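Subject: Structure for you to look at

Dear colleague,

I am passing on the structure we spoke about, and below it you will find what turned up when I went through it. Please read the notes with the structure open beside them.

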Amino acid sequence: MSSQGRSGPPGNRGPREGEGGEARKLQEARVARGKQGKGKGKGKAGTGHGGRGSGAEGKPGLQPERKAAGPAAEAGRGQEGEGGEEERPRSSGKRDEGSAEPGKEERRVGAGRREDDSLERGQEQGPQACGGIPGTRTAMAEDAAEDAAAAAVEPATRPAAGPALWRLPEELLLLICSYLDTRALGRLAQVCRWLRRFTSCDLLWRPIARASLNTGFTRLGTDLMAGIPVKERVKLSQNWRLGRCRDRILLKWRYSQMPWMQLQDASLYLSQANFILAYQFRPDGASLNRRPFRVFSGHDEDVCHFVLANSHIVSAGGDGKIGVHKIHSTFTVKYSAHEQEVNCVDCKGGIIVSGSRDRTAKVWPLASGRLGQCLHTIQTEDRVWSIAISPLLSSFVTGTACCGHFSPLRIWDLNSGQLITHLGSDFPPGAGVLDVMYESPSTLLSCGYDTYVRYWDLRTSTRKCVMEWEEPHDSTFYCLQTDGNHLLATGSSYYGLVRLWDRRQRACLHAFSLTSTPLSSPVYCLRFTTRHLYAALSYNLHVLDFQNP
């Protein structure tokens with residue numbers, strides 16, 4: 001047989017393109033082995049089957065094996081019987097007529113099909129069909145499958161290629177990114193998946209969250225909502241800053257009332273007439289199960305005020321009584337506390353304080369064996385509208401009607417009942433304080449009939465507040481609530497007006513009117529979370545949904 005052998009059509013010359021450079025390396029290795037074994041196979045290569053480095057030495061009995069070996073074995077046939085010192089180029093697809101042998105034309109016509117069939121047989125034959133390397137084709141298939149799976153899964157590590165900045169330690173990247181604002185971090189998250197994951201780190205968003213409105217961080221940096229990603233809270237705070245929300249009515253009632261409410265976990269407690277009803281929030285937080293799961297009763301007249309403390313509900317009634325209810329049981333105790341209606345009550349650390357229209361404030365223990373035993377009776381010489389215990393449990397503050405010649409805000413010692421100090425000196429007559437709350441042991445907020453919200457810092461001065469915000473329409477402030485940082489919410493006396501304030505500026509941030517003119521009502525109580533604000537009016541309970549505006 002001629003040294004050109006079976007050259008086949010142009011599309012089937014040599015290894016297929018799909019096998020790439022690996023098949024070419026195998027072919028070069030066989031050429032080298034053929035040169036080394038030429039001394040043995042040169043004398044026996046006269047039949048036209050060149051000597052092979054594998055020791056076949058051109059024996060005719062091995063020819064069927066070479067036919068079944070496919071393109072990888074055909075590469076070994078390019079060696080001449082003269083020693084294989086030079087690889088002969090393959091023909092261009094047309095065979096010399098003089099070198100043709102009988103039956104070769106038929107093989108030429110079906111060359112492409114036979115080689116494809118030989119590849120399929122080679123996959124079944126295992127290592128011998130892949131050039132003698134065990135598992136070569138199987139390994140290539142497994143590598144391809146792994147690459148496809150890796151491309152489908154989001155990478156968990158940083159990209160190997162890219163700017164040198166990404167190859168810095170994460171601590172340095174965090175330091176660099178800490179100088180970026182909200183918009184810059186958002187754009188950086190759009191570069192790649194790894195950066196999107198990296199820029200979602202809570203450490204990057206914490207300083208931004210502390211400077212934003214209602215993100216769950218107090219002024220001292222305490223995180224009150226650690227279970228929610230900080231980035232999500234920052235995004236939600238933009239709705240509070242821009243006033244984007246949706247007003248809904250959660251509950252309605254037929255008769256005008258003066259409701260009070262408290263929030264605890266996924267429950268809302270609301271006073272209606274002489275009852276306190278406990279409702280369960282639905283998962284969205286913007287709707288309630290209309291049927292209450294608990295009803296607390298015991299007062300003969302309307303509930304004026306109540307607080308949640310130590311798994312108890314402590315309520316103040318218009319009948320002059322204080323009620324103590326255990327939330328998770330049917331235990332209920334009520335006792336006579338004042339001669340007239342009890343306007344306000346607070347409870348912390350096992351101590352109850354109450355204020356009444358009878359111009360007294362009293363201190364009571366919460367211990368079950370001592371309920372109803374008065375510890376101190378304080379003569380305030382004025383009607384008490386609001387009361388609050390200090391977080392240090394050493395004192396409490398009373399807000400009165402300001403009908404005398406003294407300040408309506410006075411601080412009393414909780415252990416002895418003695419007057420410690422009074423706040424402010426320029427209150428006009430009738431500037432009663434309707435709501436007061438401690439924000440920290442040394443700071444508190446107050447509001448009332450004088451149309452101002454005042455912020456007091458006991459470390460600086462007790463004679464003058466450090467900041468104040470005025471109601472633009474000279475309406476009475478009935479209630480207030482703060483996030484402990486920058487956001488302040490107030491309820492006014494007309495049109496169900498809820499105002500949001502940024503405490504870093506004096507002007508009102510946003511105002512929401514929840515009633516029309518015929519149904520004008522004060523906002524008696526309001527509470528908010530990072531997603532919703534709840535406001536209790538005379539005839540209904542509203543929610544402002546900032547999560548889905």
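R459 counts as exposed, at 63% relative accessibility, and its side chain meets that of D457 in a salt bridge, with 3.0 Å from N to O. D457, by contrast, counts as buried at 10% relative accessibility, since the cut-off for buried is under 20% relative accessible area and the one for exposed is over 50%. Please bear in mind throughout that this is a predicted model.

The pair just described belongs to a wider set, as the count of salt bridges comes to 10. As general background, side chains of opposite charge can pair when their charged atoms come close. One of these salt bridges is formed by R499 and E471, whose closest N and O atoms are 2.7 Å apart. R499 lies in strand 24 and E471 in the loop between strand 21 and strand 22 (477-482), so this pair ties together parts that are 28 residues apart in sequence. Both R499 and E471 are buried.

A further salt bridge joins the side chains of R503 and E439, at 2.5 Å from N to O. Here R503 sits in the loop between strand 24 (497-502) and strand 25 (508-513), while E439 is in strand 18, and the pair therefore ties together parts that are 64 residues apart in sequence. R503 is itself buried, with a relative accessible area of 8%.

Strand 18, which holds E439, also takes part in an open sheet of 4 strands, whose order is 18-19-20-21 and whose pairing is antiparallel. Strand 18 (433-440) and strand 21 (467-470) stand at the edges of this sheet and have a single partner strand each, so one side of each is left without a neighbour in the sheet. On average, and with direction ignored, neighbouring strands of the sheet are turned by 15° against each other. Within the sheet, strand 19 (residues 443-448) pairs with strand 20 (residues 452-457) in the antiparallel sense over 5 bridges, and L444 stands opposite W456 of strand 20.

Another part that repays a look is strand 8. Of the 6 residues of strand 8 (residues 321-326), 5 are buried, so this strand is largely enclosed by the rest of the structure. Strand 8 pairs with strand 7 (residues 312-317) in the antiparallel sense over 5 bridges, and I322 in strand 8 is the bridge partner of A316. The hairpin of strand 7 and strand 8 has 3 residues between the strands, and in this hairpin G320 takes a positive phi near 80°. Strand 8 is also joined by 5 bridges to strand 9 (residues 332-336), the two running antiparallel, and K321 stands opposite S336 in strand 9. Strand 8 and strand 9 form a hairpin too, with 5 residues between them. K321 appears once more in a network of salt bridges, where it is linked with D300 and K334.

Some individual positions may also help you to find your way. S271 is found in strand 3 (residues 267-272) and counts as buried at 2% relative accessibility; a polar atom of the S271 side chain lies 2.8 Å from the backbone nitrogen of W260. T398, in strand 15 (residues 395-400), is buried with a relative accessible area of 0%. T398 and H422 are 24 residues apart in sequence, and their C-alpha atoms are 9.6 Å apart in space. A431 lies in the loop between strand 17 (419-423) and strand 18 and counts as buried at 3% relative accessibility. The C-alpha atoms of A431 and T400 are separated by 8.7 Å, although the two residues are 31 residues apart along the chain.

Which residues make the nonpolar surface patch of about 350 Å²? The patch is made by L172, L175 and Y179. Of these, L172 has its place in helix 8 (residues 170-177) and is partly exposed, with a relative accessible area of 40%.

With best wishes

Technical notes
Residues are numbered from 1 along each chain as its sequence is written. This is a predicted model: local features need pLDDT of at least 70, side-chain atom pairs count only at pLDDT 80 or more; totals for chains, interfaces and linings use all residues. Side-chain values use heavy atoms; hydrogens and water are left out. Two strands pair if DSSP finds at least two bridges between them. Axes are lines fitted to C-alpha atoms, for helices over the stretch in contact, and angles run from 0 to 180 degrees between N-to-C directions. Patches are made of residues with over 30% relative accessible area and no salt bridge: like charges are joined within 9 Å, nonpolar side chains (Val, Leu, Ile, Met, Phe, Trp, Tyr) within 5 Å. Accessible areas come from the Shrake-Rupley method with a 1.4 Å probe; for residues, only the protein chains shown count as cover. A salt bridge is a side-chain nitrogen of Lys or Arg within 4 Å of a carboxyl oxygen of Asp or Glu. Buried means under 20% relative accessible area, exposed over 50%, partly exposed in between (1.4 Å probe, protein chains only). A polar contact is a pair of N or O atoms within 3.5 Å; within protein, one must be able to donate a hydrogen and the other to accept it, and residues adjacent in sequence count only if both atoms are side-chain atoms.
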